[in-house]
Amino acid sequence: MPRQFRLITLISVPLLMAGSLVLTACGSEEDAGPSSDAAKSAEVIPGVTVKTDSKLRAGLNPRIRERGVVQVATDVPYPPFEMYTQVGSRQLTGIDYDLGRAIALRLGVTFKFSPQKFDGLLPAVQAGKFDVVMSAMTDKKERQSAVDFVDYLNAGPGWLVKKGNPTGLDEITDVCGQAVGVQSGTNHQQLLKDRQATCRAAGLPPIKVLAFAKDSEAQLALRSGRVVADYLDEVTAAWVASTTDGGKTFSTVTGDKAVGPHNPSPMGIGISKTDPQLTRSVQAALQSLMDDGTYTKILEKYHVPGIAIPKATVNAGS
């Protein structure tokens with residue numbers, strides 16, 4: 001994927017126009033797929049039907065196959081990957097939800113999504129509360145000790161700034177000595193720690209990093225002037241800039257000069273290491289969706305085909 005990917009247009013789903021700012025995660029669980037005794041096919045997005053593959057279903061761990069449910073932890077909101085359809089609704093939508101539904105349909109099970117805090121996602125899987133994490137999570141070597149990743153997307157970092165970029169953020173050293181926001185526990189938080197060496201080398205003061213439990217809180221800090229920018233993935237930055245207040249509040253700044261050097265790592269579906277059969281099954285189901293065009297159509301629904309990867313790899317992150 002080009003590192004300077006831009007979001008060109010956005011879908012007109014009835015989403016809140018304040019972006020993710022007023023949304024908060026709630027404790028409900030959302031289904032993404034048929035129950036074990038449900039129909040063998042269903043429409044996953046308008047005009048796209050996914051059928052269960054009996055061979056792939058047979059490859060599941062018997063415990064999962066008999067239970068018919070895969071417990072999935074996710075952090076909401078993080079548009080356009082996971083979000084609620086409207087204010088006050090507990091119905092999920094987004095790239096991860098739609099793709100999870102398609103994988104579930106292909107395997108003939110249910111993906112049951114439960115909102116959790118991002119920095120608690122991996123511990124919850126390790127504790128056995130969930131089978132899977134699907135939450136725009138970067139596949140990194142250090143995380144592979146906790147889960148196995150089935151890689152499914154690739155997107156680089158970007159800055160969300162106030163409309164028109166009033167601080168003139170153009171290169172990474174422009175944030176040295178400035179307060180910036182980031183979601184805690186994310187790869188972007190680690191990248192900002194790495195950027196401190198760039199500031200030191202330039203003889204500039206360190207970046208003042210303010211970590212927030214949810215990216216929506218970082219956006220509020222940006223809106224109020226507590227921070228000059230929010231560091232997140234470029235797809236979400238573009239979505240928030242385009243949808244919040246009708247596109248009148250935020251802008252984005254992307255590209256290596258502005259975000260700093262980084263080794264591209266894919267986003268992965270994190271799966272419990274106690275169930276390697278589930279990892280193989282999810283990988284095979286995802287690859288089949290890539291091969292038949294369903295995967296591309298889901299990304300096209302959100303106008304982000306540029307973040308696609310050609311193969312459903314396992315633990316390919318660095």
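Let's start at a single side chain: select D75, which is buried, with a relative accessible area of 1%. You are looking at a predicted model, so treat each stop as a feature of that prediction.

**Stop 1: D75 and its partner**

Keep D75 on screen and add K214. The two side chains meet in a salt bridge, with N and O 2.6 Å apart. Now colour the chain by position to see where the partners come from. D75 sits in the loop between strand 4 (69–74) and strand 5 (83–84), while K214 sits in the loop between strand 12 (208–212) and helix 6 (215–224). That is a link between distant parts of the chain, 139 residues apart. Is K214 buried or exposed? K214 counts as buried, because its relative accessibility is 10% and the cut-off for buried is under 20%.

**Stop 2: step back**

Zoom out for a moment and show the whole chain as a cartoon. You should find ten helices and 15 strands. The protein chain has 318 residues, and 58% of them count as buried. Among contacts with a separation of 6 or more, 79% are between residues 24 or more positions apart. The structure holds eight salt bridges, and we will visit two others next.

**Stop 3: two arginines of helix 2**

Select helix 2 (residues 62–67) and show the side chain of R63. R63 forms a salt bridge with D275, and their closest N and O atoms are 3.7 Å apart. D275 lies in the loop between strand 15 (267–272) and helix 9 (276–291), 212 residues away from R63. Compare the surroundings of the two ends: R63 is partly exposed at 39% relative accessible area, whereas D275 is buried at 3%.

Next, show R67, also in helix 2. Which residue does R67 pair with in a salt bridge? The partner is D131, with the closest N and O atoms 2.7 Å apart. D131 belongs to the loop between helix 4 (121–126) and strand 8 (132–138), so this pair ties together parts that are 64 residues apart in sequence. Here R67 is partly exposed, at 37% relative accessible area, and D131 is buried, at 11%.

**Stop 4: the disulfide**

Now select C176 and C199. These cysteines form a disulfide, with their sulfur atoms 2.0 Å apart. A search of the whole structure finds one disulfide, so this is the one to look at. Turn the view until you can look along the S-S bond: the angle about that bond is -85°, and the link is left-handed. C176 is in the loop between strand 10 (157–162) and strand 11 (179–183), and C199 is in helix 5 (residues 187–201), 23 residues away. Both ends are tucked in: C176 counts as buried at 11% relative accessibility, and C199 is buried at 1%.

**Stop 5: a pair of helices**

For the last stop, select helix 3 (residues 95–107) and helix 10 (residues 294–301). Two packed helices are described by the angle and the distance between their axes. In this pair the axes come within 10 Å and cross at roughly 155°. That angle makes helix 3 roughly antiparallel to helix 10, and the crossing is right-handed.

Which residues make the contact? Show side chains for I95, D98, L99 and A102 on helix 3, then for T294, Y295, I298, L299 and K301 on helix 10.

Methods: Residues are numbered from 1 along each chain as its sequence is written. This is a predicted model: local features need pLDDT of at least 70, side-chain atom pairs count only at pLDDT 80 or more; totals for chains, interfaces and linings use all residues. Side-chain values use heavy atoms; hydrogens and water are left out. A salt bridge is a side-chain nitrogen of Lys or Arg within 4 Å of a carboxyl oxygen of Asp or Glu. Helices (H or I, at least four residues) and strands (E, at least two) are DSSP runs, numbered from the N terminus. Buried means under 20% relative accessible area, exposed over 50%, partly exposed in between (1.4 Å probe, protein chains only). A disulfide is a pair of cysteine sulfur atoms within 2.5 Å. Axes are lines fitted to C-alpha atoms, for helices over the stretch in contact, and angles run from 0 to 180 degrees between N-to-C directions. Angles under 35 degrees count as roughly parallel, over 145 as roughly antiparallel, 65 to 115 as roughly perpendicular and the rest as oblique. A crossing is left-handed if the near helix is turned anticlockwise from the far one by less than a right angle, and right-handed if clockwise. Contact means heavy atoms within 4.5 Å.
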